[in-house]
Amino acid sequence: MDILKNFSLEGKVALVTGASYGIGYAIASAYASAGAKIVFCDIKQEFVDKGLASYAADGIDAKGYVCDVTKEDMVKDMVQRIEAEVGVIDILVNNAGIIKRIPMLEMTADEFRQVIDVDLNAPFIVAKAVIPSMIKKGHGKIINICSMMSELGRETVSAYAAAKGGLKMLTRNICSEYGEHNIQCNGIGPGYIATPQTAPLRERQADGSRHPFDQFIVSKTPAARWGSPEDLMGPAVFLASDASDFVNGHILYVDGGILAYIGKQP
Ligand code: NAP
Ligand code: GCO
């Protein structure tokens with residue numbers, strides 16, 4: 001048996017949401033190099049165009065769609081178009097996400113809802129749109145991008161933690177409901193990854209020193225560094241491939257060891 005063949009994504013169609021740059025872009029690029037046909041979406045045309053240019057520069061023939069993943073009609077329409085123009089989606093990565101770092105007592109209910117809408121309601125909406133064709137085809141992979149905040153809290157991220165904790169449970173529930181149709185739904189919980197989303201936490205101080213949060217994360221991570229989007233490539237390919245066909249409802253934390261560590265002794 002050639003075990004490496006089990007990791008191939010040859011002939012598969014993969015939809016990665018919010019994948020013009022950052023973590024989604026890295027995951028989609030890894031899928032392309034494993035043989036999959038890449039489809040991605042972003043909320044604005046200018047980001048889709050930017051994404052298409054980056055994929056083309058990397059030699060990847062990706063197809064991009066403008067879609068706000070919180071809008072059920074837009075999502076249904078996009079999935080129908082993908083099925084007609086590219087093929088049935090074999091792999092869905094719910095990657096699009098936002099964060100608002102605001103102390104809870106200063107956060108409006110509207111701001112809280114916006115985060116829940118993108119980070120929790122949207123994965124439900126997109127998964128719901130792709131599952132019927134996966135059932136007909138007899139297989140499917142859904143990967144939800146969770147977070148450290150699926151397990152831990154921290155000051156200022158109440159909505160994000162509530163959404164990512166919920167996403168962990170949505171992952172387990174999709175596994176429970178559709179596992180019998182050979183659909184695997186797993187999560188990836190990235191640690192602290194250097195992307196535009198976390199750029200404010202790494203900004204240099206006025207005196208040129210590192211941001212205190214940057215220092216905190218490096219000291220809290222046994223790997224002693226921030227992760228890069230590329231660190232997520234291998235785990236994402238594994239969870240999209242036949243090699244993980246009996247892995248279901250699992251959250252794979254890719255965090256340089258943060259969740260295993262109590263922190264440096266004084
Ligand atoms: P990012 O750089 O901000 O990228 C997120 C992408 O999602 C952007 O392309 C964004 O588009 C898109 N998006 C936002 N709202 C959308 C919507 N309603 N419809 C469609 N697309 C939308 O973030 P990232 O750091 O790569 O994070 C990707 C995922 O990983 C997120 O779910 C995030 O929560 C999660 N995550 C990140 C880290 C980290 O340390 N970076 C750690 C754990 C988990 P626009 O730019 O147009 O808004
Ligand atoms: C924050 C960070 C986190 C990380 C990530 C951790 O403010 O705490 O932005 O949300 O991006 O999700 O896994």
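A polar contact is taken here as a pair of N or O atoms within 3.5 Å. The structure described is a predicted model, and its two ligands are considered first, followed by the sheet and the helices that pack on it.

Ligand 1 is surrounded by 27 residues, of which Tyr21, Asp42, Asn95, Tyr160 and Thr195 come nearest. Thr195 places a polar side-chain atom 2.5 Å from an oxygen atom of this ligand. The backbone also takes part: an N or O atom of the Asn95 main chain lies 2.7 Å from an oxygen atom of ligand 1, and the corresponding distance for a backbone N or O atom of Gly18 is 3.5 Å. On its own, ligand 1 has 900 Å² of accessible area, and the protein covers 92% of it.

Around ligand 2 there are 13 residues, the closest being Arg101, Arg154, Tyr160, Pro190 and Tyr192. Tyr160 is thus listed among the closest residues for ligand 2 and among the nearest for ligand 1. Oxygen atoms of ligand 2 are approached by polar side-chain atoms of Ser147, at 2.7 Å, and of Gln197, at 2.9 Å. A polar backbone atom of Met148 lies 2.8 Å from an oxygen atom of ligand 2. The protein buries 97% of the 330 Å² that ligand 2 exposes when taken alone.

The sheet is open and consists of seven strands in the order 3-2-1-4-5-6-7, with parallel pairing. Its edges are formed by strand 3 (63-66) and strand 7 (251-254), each of which pairs on one side only. From one strand to the next, the twist averages 20 degrees. Within this arrangement, strand 1 (residues 13-17) is joined to strand 2 (residues 37-42) by five bridges in the parallel sense. One of the residues involved is Val13, whose bridge partner in strand 2 is Lys37. Asp42, listed among the residues nearest to ligand 1, falls within the range of strand 2, residues 37-42.

Two helices are described in relation to the sheet. Helix 1 (residues 22-33) packs on the sheet and touches strand 1, strand 2, strand 4 (91-94), strand 5 (140-145) and strand 6 (183-190). The direction of helix 1 makes about 170 degrees with that of strand 1. Helix 3 (residues 72-85) lies across strand 1, strand 2 and strand 3, and the angle between helix 3 and strand 3 is about 155 degrees. Strand 1 and strand 2 accordingly feature in the descriptions of both helix 1 and helix 3.

Conventions: Residues are numbered from 1 along each chain as its sequence is written. Chains are lettered from A and ligands numbered from 1 in the order in which they are written. This is a predicted model: local features need pLDDT of at least 70, side-chain atom pairs count only at pLDDT 80 or more; totals for chains, interfaces and linings use all residues. Side-chain values use heavy atoms; hydrogens and water are left out. Two strands pair if DSSP finds at least two bridges between them. Helices (H or I, at least four residues) and strands (E, at least two) are DSSP runs, numbered from the N terminus. Axes are lines fitted to C-alpha atoms, for helices over the stretch in contact, and angles run from 0 to 180 degrees between N-to-C directions. Contact means heavy atoms within 4.5 Å. A residue is near a molecule or strand if one of its heavy atoms lies within 4 Å of it. A polar contact is a pair of N or O atoms within 3.5 Å; within protein, one must be able to donate a hydrogen and the other to accept it, and residues adjacent in sequence count only if both atoms are side-chain atoms. Accessible areas come from the Shrake-Rupley method with a 1.4 Å probe; for residues, only the protein chains shown count as cover.
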